Amino acid sequence: MAIGEFGAAPELPAQAGPVLSNGMYWLYELSHAALNPVRAFADVTRLYMKNPLNPWSHTTMGKTLAASAEMFERFTRRYGKPDWNIKTTVVGGEQVDVHITPVWERPFCRLLHFERVLRTVPRRPQPKVVIVAPMSGHYATLLRGTVEAFLPNHDVYITEWIDARLVPLSEGRFDLDDYIDYIISILHALGGDCHLIAVCQPSVPVLAAVARMEAERDPYVPYSMTLMGGPIDTRVNPTAVNKLAEDRGVDWFRRNVITKVPFPHPGVMRDVYPGFLQLNGFVSMNLDRHVDAHKELFFHLVKGDGDSAQKHREFYDEYLAVMDLTAEFYLQTVDTVFVKHLLPKGEMMHRGVRIDPSAIRNVALLTIEGEKDDISGLGQTEAAHKLCVNIPADRKAHYVQPGVGHYGVFNGSRFRAEIAPRIADFVLTSQSGRTKALRPVPRAVA
């Protein structure tokens, strides 16, 4: 699975881009509404054919009808934002409750705090980490496993980006500059007493935000930043996704995938890159695998293999839940990161000021890559070290995880066993290695 596939949009017929893209969202909503009665009938059929009191439910034909009805309902469903479903964790061998509360909020993002109800003070230090989730189609809940891996030994926060179709036009625009502003504002709200962990696409704005803060001698810079599978310099070992974006150029995306949010969504008439088009790109990259997975689900349902079917449901309930991105953020990111490569060239700007990574001196840097990453090629994230030339060598580190692709960099068994412990060690080391005089007095979260 991959996230942040800028450039994976479906190609529309030549000379028909604006007509199709501008009306496609409205057609999608219309077809979705038209299928509601059929979907309801399919759900009733499924329930009827699975009722143990119905003799047909014990026959192959009845099980086949129930499986077919469920498949149809799932194919035509709109998947909403998944729940976090993190209620407890283990701290120091003791199970404690976890309360998820928003502690900072703006129109396009809110910062969630996974507050652990600790009964005793842990012996091990519990550094504060802010996971910056990608704003690239999927919800932040895709990083559920990432959060769970850090909870036992860290005070965890995460950015939860808001679906653009839910934000009214009156709230204004949101672009890459605003993204950087949000990160800086979060660091100010937390008093700088934290460590940033950027997953994939946020690596660029996180590095830019820290560079701006260091250049201005902002006392609220974080102790460290960890960049995981991020496109710092996509000229290094470019992947198919990188080449696609560069070959098409930003104007192609503006003409073919940008449309307006239809009524009755709160963000009606906002220009967006809609989630259903992004999902088309996600699925088309591994179409055979997704088709095979749904064939297996059908056979599991017919055979009554509930455990395998449930695993499929959980995976695709997450994977098929997508959100709209604001057009200005998407296009600016494609142009800045994937087409013009402005950050590694030293030409990236923020609010009219050039981003200078060499200004970073006090923030420790850890970069992590996956050996088989086909989204952010090997060396693209490591390129941050060549830009941040003034960070002391003993406060920089790079790690390549063998045998994992893009998704495995931030989730899965190898992440939990090999990557997360390395990040935890780096976080502790970088926090103890920072001169106390550089740290401001933390202030309350606003």
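Visitor: Is methionine 269 buried, partly exposed or exposed in this model?
Guide: The model is a predicted one. Methionine 269 sits in the loop between strand E8 (259-260) and strand E9 (271-273). Its relative accessibility is 40%, and the partly exposed class covers values between 20% and 50%, so methionine 269 counts as partly exposed.

Visitor: Which residues make the nonpolar surface patch of about 440 Å²?
Guide: Methionine 269, in the loop between E8 and E9, is one of the contributors to this patch. The full set that makes the patch is Trp26, Leu169, Phe263 and Met269.

Visitor: Which peptide bond is cis, with omega near 15°?
Guide: Most peptide bonds are trans. The cis bond leads into proline 264, a residue found in the loop between E8 and E9. With omega near 15°, the cis bond runs from phenylalanine 263 to proline 264.

Visitor: What is the strand order of the open sheet of three strands?
Guide: Its edge strands are E8 and E10, each of which pairs on one side only. E9 is joined to E10 by two bridges, and these two strands run antiparallel. With antiparallel pairing, the order is E8-E9-E10.

Visitor: Which residue in E10 stands opposite tyrosine 273?
Guide: E9 and E10 run antiparallel and are joined by two bridges. Opposite tyrosine 273, the residue in E10 is leucine 325.

Visitor: Which strands stand at the edges of the open sheet of nine strands?
Guide: The sheet has mixed pairing and follows the order E1-E2-E3-E5-E4-E6-E7-E13-E14. Two of its strands have a single partner strand each, so one side of each is left without a neighbour in the sheet. These edge strands are E1 (88-91) and E14 (396-401).

Visitor: By how much are neighbouring strands of this nine-stranded sheet turned against each other on average?
Guide: The sheet in question is the open one with mixed pairing. With direction ignored, the average turn between its neighbouring strands is 25°.

Visitor: What is the bridge partner of threonine 89 in E2?
Guide: Strand E1 and strand E2 (residues 94-106) run antiparallel and are joined by four bridges. Within E2, the bridge partner of threonine 89 is valine 96.

Visitor: At about what angle does helix H6 run to E7?
Guide: Helix H5 (residues 176-189) lies across strands E2, E3, E4, E5 and E6, and runs at about 125° to E2. Helix H6 (residues 203-215) lies across E4, E6 and strand E7 (224-228). The angle of H6 to E7 is about 160°.

Visitor: How far apart are the closest N and O atoms in the salt bridge of arginine 110 with glutamate 160?
Guide: A search of the whole structure finds 19 salt bridges. This pair links distant parts of the chain, with arginine 110 in strand E3 and glutamate 160 in strand E5, 50 residues apart. Arginine 110 counts as partly exposed because its relative accessibility is 25%, whereas glutamate 160, at 3%, counts as buried. The closest N and O atoms of the pair are 2.6 Å apart.

Visitor: Which residue forms a salt bridge with arginine 165 at 3.6 Å between the closest N and O atoms?
Guide: Arginine 165 also forms a salt bridge with aspartate 163, with the closest N and O atoms 3.2 Å apart, and both of these residues are buried. The partner asked for lies in the loop between helix H10 (306-319) and strand E10 (325-326), while arginine 165 lies in the loop between E5 and H5, so the pair ties together parts that are 159 residues apart in sequence. At 1% relative accessibility, this partner counts as buried. The residue is aspartate 324.

Visitor: Is cysteine 200 buried or exposed?
Guide: Most residues other than glycine have a negative phi. Cysteine 200, in the loop between E6 and H6, has a positive phi of about 65°. Because its relative accessibility is 3%, and the cut-off is under 20%, cysteine 200 counts as buried.

Visitor: What is the relative accessible area of arginine 217?
Guide: Arginine 217 has a positive phi of about 55° although it is not a glycine. The residue lies in the loop between H6 and E7. Arginine 217 is exposed, and its relative accessible area is 76%.

Note on methods
Residues are numbered from 1 along each chain as its sequence is written. This is a predicted model: local features need pLDDT of at least 70, side-chain atom pairs count only at pLDDT 80 or more; totals for chains, interfaces and linings use all residues. Side-chain values use heavy atoms; hydrogens and water are left out. Patches are made of residues with over 30% relative accessible area and no salt bridge: like charges are joined within 9 Å, nonpolar side chains (Val, Leu, Ile, Met, Phe, Trp, Tyr) within 5 Å. Accessible areas come from the Shrake-Rupley method with a 1.4 Å probe; for residues, only the protein chains shown count as cover. A salt bridge is a side-chain nitrogen of Lys or Arg within 4 Å of a carboxyl oxygen of Asp or Glu. Buried means under 20% relative accessible area, exposed over 50%, partly exposed in between (1.4 Å probe, protein chains only). Two strands pair if DSSP finds at least two bridges between them. Axes are lines fitted to C-alpha atoms, for helices over the stretch in contact, and angles run from 0 to 180 degrees between N-to-C directions. Contact means heavy atoms within 4.5 Å.
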